[in-house]
Amino acid sequence: MSETGNRLRKLLESPNFDPQNYVKQLSQQSDGDRDLQEHRQKIQNLADETAQNLKKNVYKNYRQFIETAKEISYLESEMYQLSHILTEQKSIMESITQALLSTDKDETSKEMQAAFPKETEEVKQRTLTSLLEKVEGGKNIMDTPGRHLVYNGDLVEFDVDNMSQIQKVHAFLMNDCLLISTWLPNRRGAVKYKYNALYDLESFAVVNVKDNPPMKDMFKILMFPDSRIFQAENSKIKKEWLEILDETKKNKVSKDKHKKEEEVPASPSEPSVDLGLEWIQELPEDLDVCIAQRDFEGAVDLLDKLNEYLKDQPVTPRVKELRVKVDERVRQLTEVLVFELSPDRSLRGGPKATRRAVSQLIRLGQSTKACELFLKNRAAAVQTAIRQLRIEGATLLYIHKLCNIFFTSLLETAKEFEMDFAGNTGCYSAFVVWSRTAMRMFVDAFSKQVFDSKESLSTAAECVKVAKEHCQQLTEIGLDLTFTLQSLLVKDIKAALLSYKDIIMEATKHRNSEEMWRRMNLMTPEALAKLKDEMRTCGMGSFEQYMGEDCWVNLSYTIVAFTKQMMSFLEEGLKLYFPELHMVFLESLREIILVAVQHVDYSLRCEQEPEKKAFIVQNATFLHDTVLPVVERRFEEGVGKPAKQLQDLRKSTRPVRINPESTTSLV
């Protein structure tokens, strides 16, 4: 930046800068409008440079921001795990201490329970019944036999995302479930609360929440895929809730275990499976922890370990029961992995970002679902990238950007698909179908910009050429979508060819109506040399024999203009050529040529002056002997097929080389 620009930057960045005073001084010091415009341009340049610097800083720190966010997510998961471990350690230490210090107390308690077992159970149930009468919608809770109240109290629920207070609740902890009820604003008689939710003790995990004033005395209940946070009145009540919840959950597990052992006694003749291993007993809870911590690989590893252990074991009732619990966790894990692949998630990571979820779904035996979700995710990503592409500048520049984005995304998706589904060949047909659908989306955006905006035929031909070249790159991975691209574009290209054919025919007819059949005078040797180069470019190597003295050309302006326009249409049409367009393109050429031939034929038959008649015959000879053979040869070179219709047309329009005064001209 120049010294003037540096001074201007420092002035604008100064803390005491006054815009009104600055503009006032600038207006007084400037000599006129030109000085103000120059100063305005300097400020605009400074603003553009500042905007560019801001963009560079954003992109520079973007990767670091993503990595930091991942580390924070991992750290949060580890902190939850550490908190859970510490809570368990604390519970174990307290239970050991209590067991050592209260042996006598436990013996006394056992004697009291043995002496008055029925009375104690009846008292607990009576207490629960009296409390549930205050809960609206809670009458059916007592239908379960043996259910009794363990603990209850008031709590305040907070939002998990923004930690804002939601409502005041009253919780009832029973020996097999947890009831959450909300306070009624308008109480009716003895009813104080309204039923909100009922959770089985095995369906949730309790996690301590570290105090962070003013948010303190809180604990979290994890019920996949949701969670709820509650705040106790003080730290003592929070501690009681955590201890009693943990103890009640353990009692229920122990009670259920003994009950099942009593109901299904082991028979000497019946084969048994050892499910008493510690890792099997803790498997459902370990799966819950892995899912909550997003440790998908660890969860699938545990499932594989269990399947390997039970592979050759008999299917006993206990194995069936374990399978039911595990299948529920598998369903939850599948839902989480499906959500990871949903288009609602961030699409910035590219195809590789889906690899983790896809690989775990495949390990779970959900390869078909993984394939479907992967392709939906990539379709949404491609569609978003196309929508975000700005339409600016020339059409050809936009098409270059569009092709680069689409075909690069398609190539990356194909490579990632081949890597993820290498052992699932049945999914490849789904990818081919998806590729055709994606190509249709690309062609919609392509046609809207190229054909709907009525671009020239030359621009459309260049754009189609660019799309073909990019599509050809897919063959390096064995994917050829050229035919699909052609079939989707053929309708628009056909319409463009017919439209441009009509334009040429109308222009030719207009020139024919003003035809005076006079030789061309190009006035300068430079103009003559330019026309000679243009004709040589069009393939008219024998054009020099029609050049006269000085700057004269022994052809009419109409014939020369028709030749250049005709050859331009031919070259652009060959760039757009598809086999499906063969007859359309050939008939268009034939109709255009026929307009010029018929005009020459009509003029030759109507002209009476011998000199002009001879000049018309000379133009007809140029069309028949020079232009038409070049058109036929160039068409056959570009298409690879003979142009029979053009050959027939040339044969039927052979000029008569006899007396120019004759009225016979072209057949």
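User: Is strand β7 largely enclosed by the rest of the structure or exposed, and why?
Analyst: Largely enclosed. This is a predicted model, and in it 5 of the 6 residues of strand β7 (residues 218-223) are buried, so the rest of the structure largely encloses the strand.

User: Which strand pairs with β7 over 5 bridges, and in what sense?
Analyst: Strand β6, residues 205-209. The sense is antiparallel. One bridge in that pairing joins Val206 to Ile221 of β7.

User: And how many bridges join β7 to β8?
Analyst: There are 6 bridges between β7 and strand β8 (residues 226-231), and these two run antiparallel. Met218 has Gln231 of β8 as its bridge partner.

User: Switching to rings. How many aromatic pairs are in the whole structure?
Analyst: The search finds 23 aromatic pairs. One of them is Trp279 with Tyr309, an edge-to-face pair. The centres are 5.9 Å apart, and the planes make an angle of 85 degrees.

User: Which parts does the Trp279 and Tyr309 pair tie together?
Analyst: Two helices. Trp279 is in α7 (residues 278-281) and Tyr309 is in α9 (residues 296-310), so the pair ties together parts 30 residues apart in sequence.

User: How accessible are Trp279 and Tyr309?
Analyst: Trp279 is partly exposed, at 23% relative accessibility. Tyr309 is partly exposed too, at 25%.

User: Which charged end sits over the ring of Trp279?
Analyst: That of Lys305. The distance to the ring centre is 4.4 Å.

User: Back to α9. What span should its 15 residues have, and what does the model give?
Analyst: At 1.5 Å a residue, the 15 residues of α9 should span 21 Å. The end C-alpha atoms are 21 Å apart, which agrees.

User: Which residues of α9 are buried, and what do they pack against?
Analyst: Phe296, Gly298, Ala299, Val300, Leu303, Leu306 and Leu310 are buried. The buried residues of α9 pack against α7, α8 (283-292), α10 (317-340) and α11 (355-363).

User: Any reason to look at the spacing in a helix like that?
Analyst: An α-helix has 3.6 residues a turn, so residues three or four places apart point the same way.

User: Which residues do ring pairs link into a cluster?
Analyst: Phe374, Phe417, Phe421, Tyr428, Phe431 and Trp434.

User: Where is Trp434, and is Trp434 buried or exposed?
Analyst: Trp434 is in helix α14, residues 428-450. Trp434 counts as buried, at 8% relative accessibility.

User: What is Trp434 in contact with, beyond its sequence neighbours?
Analyst: Leaving aside residues within four places in sequence, the contacts are Leu375, Arg378, Ala379, Leu410 and Thr413. Lys376 is 58 residues from Trp434 along the chain, with 8.7 Å between the C-alpha atoms.

User: Now Trp183. Which strand is that in?
Analyst: Strand β4, residues 177-188. Trp183 is partly exposed, with 23% relative accessibility.

User: What sits over the ring of Trp183?
Analyst: The charged end of Lys168, 4.5 Å from the ring centre. Lys168 is also among the contacts of Trp183 beyond four places in sequence. The others are Asp154, Val169, His170, Lys192 and Tyr193.

User: How far is Trp183 from Tyr195 in space?
Analyst: The C-alpha separation is 9.2 Å, for 12 residues in sequence.

User: One more residue. Is Asn512 buried or exposed?
Analyst: Buried, with a relative accessible area of 11%. Asn512 belongs to helix α16, residues 482-513. Outside its neighbours within four places in sequence, Asn512 is in contact with Thr558, Val595 and His599.

User: Step back. How many helices and strands does the chain have?
Analyst: 21 helices and 10 strands. The chain has 667 residues, of which 37% count as buried. Among contacts between residues at least 6 apart in sequence, 65% join residues at least 24 apart.

User: What is the mean pLDDT of the chain?
Analyst: The mean is 80, and 87% of residues reach 70 or more.

User: Where does pLDDT stay under 50?
Analyst: Residues 111-119 are one such stretch, with 0 contacts beyond four places in sequence in the model. Residues 656-667 are below 50 as well, but that stretch has 25 contacts beyond near neighbours in sequence.

Methods: Residues are numbered from 1 along each chain as its sequence is written. This is a predicted model: local features need pLDDT of at least 70, side-chain atom pairs count only at pLDDT 80 or more; totals for chains, interfaces and linings use all residues. Side-chain values use heavy atoms; hydrogens and water are left out. Buried means under 20% relative accessible area, exposed over 50%, partly exposed in between (1.4 Å probe, protein chains only). Helices (H or I, at least four residues) and strands (E, at least two) are DSSP runs, numbered from the N terminus. Two strands pair if DSSP finds at least two bridges between them. Rings of Phe, Tyr and Trp (its six-membered ring) pair if their centres lie within 6.5 Å; planes under 30 degrees apart count as stacked, over 60 as edge-to-face and the rest as tilted. A charge sits over a ring if NZ of Lys or CZ of Arg is within 6 Å of the ring centre and within 35 degrees of the ring normal. The expected span of a helix is 1.5 Å times one less than its number of residues. Contact means heavy atoms within 4.5 Å. pLDDT is the predictor's confidence in each residue, from 0 to 100.
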